[in-house]
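Reader: I'd love a close look at one part of this molecule, taken slowly and residue by residue. Could you pick a good starting point and then work outwards from there?

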Amino acid sequence: MTTLDLAPLWRSTVGFDRQFDLLADSGRWTGADNYPPYDIERVGEDHYQITLALAGFPPDTVSITAGQNTLTVEGRKADKSGHQYLYQGISARQFRQIFNLAEYVQVKSASFENGMLKIDLVREVPEAMKPRQIAINTGADHQKDENKHAA
């Protein structure tokens with residue numbers, strides 16, 4: 001695998017440290033553990049949905065934690081030692097899945113139906129962070145402003 005050189009980006013960007021760390025870490029991801037299976041879907045311009053297939057997990061054994069820029073989904077099955085399985089194909093192992101969220105992405109709701117956990121996310125950019133037009137003062141406007149402040 002080739003190494004990703006981010007040095008040219010460091011020279012022309014400010015405040016993208018977290019994104020660069022995510023890119024660097026993605027090269028170390030092996031993809032070996034893909035349990036539980038999940039989908040990430042864009043359902044609107046600023047709306048997303050994560051769906052996890054959790055067959056055999058009752059809702060009270062699953063927890064969802066929204067942290068700063070992360071979403072953690074964990075599942076722990078209760079030990080049912082009274083069963084004697086001849087074959088056990090439905091996974092009973094615990095899991096922990098962590099999703100990295102972009103800035104301003106918030107978890108809005110979660111639902112559990114037919115073994116599918118659906119988590120709705122929305123990106124809500126504050127008004128102060130949205131692009132705005134900046135007026136350009138001319139020489140005459142600038143002198144008027146200075147005269148107002150001097151008086």
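Author: Happy to! A word on names before we begin: helices (H or I, at least four residues) and strands (E, at least two) are DSSP runs, numbered from the N terminus. Please also keep in mind that this is a predicted model.

Let's start at Val 122, which has its place in strand E7. Is Val 122 buried or exposed? Its relative accessible area is 12%, and because buried means under 20%, Val 122 counts as buried. Leaving aside neighbours within four places in sequence, Val 122 is in contact with six residues that you can look up one by one: Asp 46, His 47, Tyr 104, Val 105, Gln 106 and Lys 108. How far apart are Val 122 and Tyr 48 in sequence and in space? They are separated by 74 residues in sequence, yet their C-alpha atoms are 6.2 Å apart.

Now for the sheet around this residue. Four strands form an open sheet in the order E1-E2-E7-E6, and the pairing is antiparallel. The edge strands are E1 and E6, each of which pairs on one side only. On average, neighbouring strands of this sheet are turned by 20 degrees against each other, with direction ignored.

On one side of E7 is E6, and the two run antiparallel, joined by eight bridges. One pairing to find on your screen is that of Val 105, whose bridge partner in E7 is Arg 123. Between strand E6 (105–113) and strand E7 (116–123) there is a loop, and Asn 114 is found in it. Asn 114 has a positive phi of about 55 degrees, although it is not a glycine. With a relative accessible area of 73%, Asn 114 is exposed, whereas Val 122 is buried.

In the sheet order E1-E2-E7-E6, E2 comes before E7. Gln 49 lies in strand E2, which covers residues 47–53. What does the side chain of Gln 49 make a polar contact with? The partner is the side chain of Asp 120, at 2.8 Å. Gln 49 is a polar residue to look at closely, as its relative accessible area is 14% and it is therefore buried. Not counting residues up to four places away in sequence, Gln 49 touches Asp 39, Ile 40, Glu 41 and Val 43, together with Lys 118, Ile 119 and Asp 120.

From here we can step outwards to the aromatic residues. How many aromatic pairs does a search of the whole structure find? It finds three. In one of them, the rings of Tyr 35 and Phe 95 have centres 6.1 Å apart and planes at 85 degrees, so the pair is edge-to-face. This pair links distant parts of the chain: Tyr 35 is in the loop between helix H2 (17–26) and strand E1 (38–42), Phe 95 is in strand E5, and they are 60 residues apart. Tyr 35 is buried at a relative accessible area of 13%, and Phe 95 also counts as buried, at 5%.

Phe 95 has a second ring partner in Phe 57: their centres are 5.3 Å apart and their planes are at 80 degrees, so this pair is edge-to-face as well. Phe 57 is in the loop between E2 and E3, 38 residues from Phe 95 in strand E5. Phe 57 counts as buried, with 3% relative accessibility. Ring pairs thus link Tyr 35, Phe 57 and Phe 95 into a cluster. What lies over the face of Phe 57? That is Lys 77, at 5.1 Å from the ring centre.

Phe 95 also leads us to another sheet, since it is in strand E5. Three strands form this open sheet in the order E3-E4-E5, with antiparallel pairing. Its edge strands are E3 (62–67) and E5 (95–100), each pairing on one side only. The twist averages 15 degrees from one strand to the next. E3 pairs with strand E4 (residues 70–75) over six antiparallel bridges, and Val 62 stands opposite Gly 75 in E4. The loop between E3 and E4 holds Asn 69, which has a positive phi of about 65 degrees although it is not a glycine.

Definitions and conventions. Residues numbered from 1 in each chain as written. Predicted model: local features only at pLDDT ≥ 70, side-chain atom pairs only at ≥ 80, totals over all residues. Heavy atoms only, no water. Buried < 20%, exposed > 50% of the residue type's maximum accessible area, 1.4 Å probe, protein only. Polar contact = N/O pair within 3.5 Å; in protein donor to acceptor, adjacent residues only side chain to side chain. Contact = heavy atoms within 4.5 Å. Pairing = 2+ DSSP bridges. Axes fitted to C-alpha atoms, helices over the stretch in contact; angles between N-to-C directions. Phe/Tyr/Trp six-rings, centres within 6.5 Å; stacked < 30°, edge-to-face > 60°. Lys NZ or Arg CZ within 6 Å of the ring centre and 35° of its normal.
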